Amino acid sequence: KRRATGGKQKAWRKKRKYELGRQSGNTKLASGHLHVKVTKVRVRGGNTKFRALRLDHGNFSWGSEAVTRKTRLLDVVYNASNNEMVRTQSLVKGAIIAIDAAPFKQWYMQHYGEELGIKKGREAKLEVTKKSKGVEAKLAARREGHKIDPHLDEQFSTGRLYASIASRPGQCGRCDGYILEGKELEFYVRKMQKKTAKK
């Protein structure tokens with residue numbers, strides 16, 4: 001780099017080992033015949049990093065219900081930093097992805113005794129299993145005064161939930177995160193609608 005006046009600047013020191021940068025992992029969404037691939041990288045101090053190259057599942061937390069489940073990753077839908085990462089299906093921290101709702105649906109059914117994501121005009125197809133009066137009372141007590149976000153309920157009917165990646169797949173080899181709810185969900189839904197409207 002030259003000075004503002006155009007003069008040359010002398011290199012004032014050499015490169016240092018601790019300043020090195022490695023090639024980015026560019027973690028992709030594994031689909032179809034592509035299997036999950038995670039490599040080990042030896043780093044400074046003999047430590048190891050796990051570089052995920054392809055992933056298709058992760059642990060996602062449903063904050064308001066305080067429950068976490070392992071679920072499939074379906075699609076990368078939004079990335080605030082770069083649209084190219086949506087096109088290339090890159091998994092990075094902070095990316096908004098669509099995940100499979102089934103594990104959370106099953107948990108909700110078991111915990112509250114109610115089915116999620118039933119479209120208006122349709123009745124829930126419940127498999128009638130005998131429950132004791134104590135269990136019925138417990139489920140009724142849980143349901144009392146319990147509400148679910150209408151935006152979230154709408155997503156359960158499609159079988160896909162929007163979630164944000166909180167881990168760093170290129171550093172720890174995992175794709176974990178949390179389900180979007182409330183104001184945050186509304187914000188990202190608006191952003192995605194804007195993007196599709198531009199197209």
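This is a short chat about a predicted model, its core, its cysteines and its salt bridges.

Me: Before we dig in, which residues count for what in this model?
Reply: It's a predicted model, so local features need pLDDT of at least 70, side-chain atom pairs count only at pLDDT 80 or more, and totals for chains, interfaces and linings use all residues. Residues are numbered from 1 along each chain as its sequence is written, and side-chain values use heavy atoms, with hydrogens and water left out.

Me: Cool. How many residues are in the largest nonpolar core?
Reply: There are 33 residues in it, and Trp 62, Leu 91, Ile 97, Ile 99 and Phe 104 have the most contacts inside. A nonpolar core is a set of buried Ala, Val, Leu, Ile, Met, Phe, Trp, Tyr and Cys residues joined through side-chain atoms within 4.5 Å. Buried means under 20% relative accessible area, exposed means over 50%, and partly exposed is in between (1.4 Å probe, protein chains only).

Me: Which element gives the largest share of this core?
Reply: That's β5, with five residues. Helices (H or I, at least four residues) and strands (E, at least two) are DSSP runs, numbered from the N terminus.

Me: And what does Phe 104 touch?
Reply: Skipping residues up to four places away in sequence, its contacts include Phe 60, Trp 62, Ile 99 and Phe 156. Contact means heavy atoms within 4.5 Å.

Me: New topic. How many disulfides does a search of the whole structure find?
Reply: Zero. A disulfide is a pair of cysteine sulfur atoms within 2.5 Å, and the sulfur nearest to that of Cys 172, from Cys 175, is 8.7 Å away.

Me: Is Cys 175 buried or exposed?
Reply: Cys 175 counts as buried, because its relative accessibility is 1%. Cys 172 is at 34%, so it counts as partly exposed.

Me: OK, how many salt bridges does the structure hold?
Reply: Five. A salt bridge here is a side-chain nitrogen of Lys or Arg within 4 Å of a carboxyl oxygen of Asp or Glu. Side chains of opposite charge can pair when their charged atoms come close.

Me: Where do Glu 84 and Arg 87 lie?
Reply: Both are in helix α1 (residues 84-87), three residues apart, about one turn of the helix. They form a salt bridge, with the closest N and O atoms 2.6 Å apart. Arg 87 is exposed at 60%, while Glu 84 is partly exposed at 40%.

Me: What does Glu 19 form a salt bridge with?
Reply: Arg 13, with the closest N and O atoms 2.2 Å apart.
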